[in-house]
Amino acid sequence: MTAPPRPLPERKQDMLRRFAEDVDAWVSTASLDGTPYLMPLSFLWTADTLLLSTTVTNPTARNLQANPLVQLTIGEFRDVIHITGTAAVTEATDAEGESFATKAGFDPRPLANYPFFRITPTKIQAWREANELKDRVLMNDGVWLV
């Protein structure tokens, strides 16, 4: 039996908990010619953005520098968070760098070719079952709806 749909405030709180607890996201990028690329990367949620890091030779990094549009998916098939956003190369603050390293179990800061990317969400959707699809949008055009 399917649970009743969660109210939007509860769904947002569940999403924020997942952002704090989950370590990895599927990151989907595309090159300028439209070639898609999907890569799992660790993330840190901080101040309404997601922080990622990957080597500059990875297609994800090359794609994000050429085409900043990105989609990320966190969770499982029946408990998913889908994020659309834009990426920019950034410097992590000391606190962000420490938090990222602790959460990910990997510290890119001492590595010369591992930039951080800050993902600014423009749309966030979250749902578990078909009964939550109708109200799955929690953020649209960068504005929280709840």
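Start by selecting Arg11: in this predicted model, Arg11 is buried, with a relative accessible area of 2%. That counts as buried because the cut-off is under 20%. You'll find Arg11 in helix α1, which covers residues 8-21. Now show what surrounds the side chain. Beyond its neighbours within four places in sequence, Arg11 touches Pro5, Arg6, Ala126, Glu132, Asp135, Arg136 and Leu138. So the list of contacts includes two acidic residues, Glu132 and Asp135.

Next, zoom out and colour by secondary structure. You should count three helices and nine strands. Walking from the N terminus, the order reads α-β-β-β-β-α-β-β-α-β-β-β. The C-alpha trace spans about 50 × 35 × 25 Å along its principal axes. How does the radius of gyration sit with that of a compact globule? The chain has 16 Å, and a compact globule of 146 residues would come out near 15 Å, so the two agree.

While you're zoomed out, switch on a surface. About 7,900 Å² is exposed, and carbon and sulfur atoms supply 56% of it. Of the 146 residues, 42% are buried. If you draw contacts with a separation of 6 or more, 61% of them link residues 24 or more positions apart. Colour by charge too: there are 14 positive and 18 negative charges, and their mean positions lie 6 Å apart.

Now select strand β1, residues 24-30, and turn on side chains. Which of them point to the buried face? Ala25, Val27 and Thr29 do, while Asp24, Trp26, Ser28 and Ala30 point to the other face and are not buried.

Keep β1 on screen and add its partners. Strand β2, residues 36-42, runs antiparallel to β1, and seven bridges join the two. Click on Ala30 and look across: its bridge partner in β2 is Pro36. Then follow the turn of this hairpin, where five residues sit between the strands and Gly34 takes a positive phi near 90 degrees. Strand β5, residues 69-76, also runs antiparallel to β1, this time with three bridges. To find the pairing, pick Trp26, which stands opposite Thr73 in β5.

From there, jump to helix α3, residues 94-104. Its buried residues are Glu96, Gly97, Phe100, Ala101 and Lys103. What do they pack against? Show α1, β2, β3, β4 and β7 (116-127), and you have the elements that these buried residues pack against. Just past the end of α3, stop at Gly105, which has a positive phi of about 75 degrees.

Last stop: two residues with positive phi that are not glycines. Select Ala47, with phi near 50 degrees, in the loop between β3 (44-46) and β4 (49-53). Is Ala47 buried or exposed? Its relative accessibility is 69%, so Ala47 counts as exposed. Then go to Asp141, whose phi is positive at about 55 degrees. Asp141 lies in the loop between β8 (137-140) and β9 (143-144), and at a relative accessible area of 68% it is exposed as well.

Conventions
Residues are numbered from 1 along each chain as its sequence is written. This is a predicted model: local features need pLDDT of at least 70, side-chain atom pairs count only at pLDDT 80 or more; totals for chains, interfaces and linings use all residues. Side-chain values use heavy atoms; hydrogens and water are left out. Buried means under 20% relative accessible area, exposed over 50%, partly exposed in between (1.4 Å probe, protein chains only). Helices (H or I, at least four residues) and strands (E, at least two) are DSSP runs, numbered from the N terminus. Two strands pair if DSSP finds at least two bridges between them. Contact means heavy atoms within 4.5 Å. The radius of gyration is taken over C-alpha atoms; the globule rule is 2.2 Å times the number of residues to the power 0.38. Accessible areas come from the Shrake-Rupley method with a 1.4 Å probe; for residues, only the protein chains shown count as cover. The place of a charge is taken as NZ of Lys, CZ of Arg, CG of Asp or CD of Glu.
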